[in-house]
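Visitor: Hi! I'd like a close look at just one part of this protein, if you don't mind walking me through it.

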Amino acid sequence: MTETASGGLRADRVSREAGGRLVLDGVTLAPEPAGTVGLIGPNGSGKSTLLRILAGVLAPHTGVVTLDGDPLAAVGRRAVARRVAVVDQHAVTQDELSVVDVVRLGRIPHRRAWSPPSEADAAAVDEALERTGLTGHRDQSWHTLSGGERQRVQIARALAQQPRELLLDEPTNHLDIQHQLELLSLVASLPLTAVVALHDLNLAGMFCDRIVVMSGGRVVAGGTPAEVITEELIADVYRVRAVVTPDGPQGRPSVRFRPRRP
């Protein structure tokens, strides 16, 4: 992507090696405020590594990640956690937690050690539960939830952080179609900047404002879904044949894959 604004969360020419090979190679990403950016590309293209670098979990070997123009390392982990929330593919816990217990974890970056929850903490948790449609499940055990409900709880936990940026790594994996649509509809409706790694090109085309395509650790394309998700790009990046047609009033791309000839 070519945006040059210094505000928000930005990766500038970041690279990262692992096992003697470049996992990321000079990637620049500058999401527009309050937009939803989809990261797409084959397995091993560097999507998850990029998200971990944006979150500050990994450090780039070259390049820099900035938050409002300041290097992430200089901002401090606690300050970053107040601004940037992460939702992984799936969460597992052996502890006996209720839904509200999990959502309260999102308030940790805002609380001093050993201090009790404040009225602001309680209000943030209640708002996150309401926004994700989980108010009626607040006292339900985490272990009794379906996969889609657990993902909604993870988003509620992230929202309780009151972030301005939300990073999601394959959040629709292992969900049925209904829950995939509900989850991404929720993410796209949130008043914050979201960067979401996805495998499903149709979901990316439906819900993302912009698309970034990664291959071999590099960004090979970026733009609106209609600009990026084309038959030519799918053939080049994924090595498969597809038919792409505009769908709906906005002309968002709909992808139908062609079977390989024997």
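Which helix do arginine 131 and glutamate 127 lie in, and how many residues apart are they?

Guide: Both lie in helix H5, four residues apart, which is about one turn of the helix. Keep in mind that we're looking at a predicted model. The side chains of arginine 131 and glutamate 127 meet in a salt bridge, at 3.7 Å from N to O. How open is that pair to the outside? Arginine 131 has 40% relative accessibility, so it counts as partly exposed. Glutamate 127 is partly exposed too, because its relative accessible area is 44%, and partly exposed covers values between 20% and 50%.

Now stay with helix H5, which spans residues 119–131, and find aspartate 121. Its side chain meets that of arginine 107 in another salt bridge, this one at 2.8 Å, N to O. Here the pair links distant parts of the chain: aspartate 121 belongs to H5, while arginine 107 sits in the loop between helix H4 (99–104) and H5, 14 residues apart. So are these two buried or exposed? Aspartate 121 has a relative accessible area of 5%, so it's buried. Arginine 107 is buried as well, because its relative accessible area is also 5%. The cut-off for buried is under 20%.

That gives you two salt bridges to trace from H5: arginine 131 with glutamate 127, and aspartate 121 with arginine 107. If you zoom back out, the structure holds nine salt bridges.

Methods: Residues are numbered from 1 along each chain as its sequence is written. This is a predicted model: local features need pLDDT of at least 70, side-chain atom pairs count only at pLDDT 80 or more; totals for chains, interfaces and linings use all residues. Side-chain values use heavy atoms; hydrogens and water are left out. A salt bridge is a side-chain nitrogen of Lys or Arg within 4 Å of a carboxyl oxygen of Asp or Glu. Helices (H or I, at least four residues) and strands (E, at least two) are DSSP runs, numbered from the N terminus. Buried means under 20% relative accessible area, exposed over 50%, partly exposed in between (1.4 Å probe, protein chains only).
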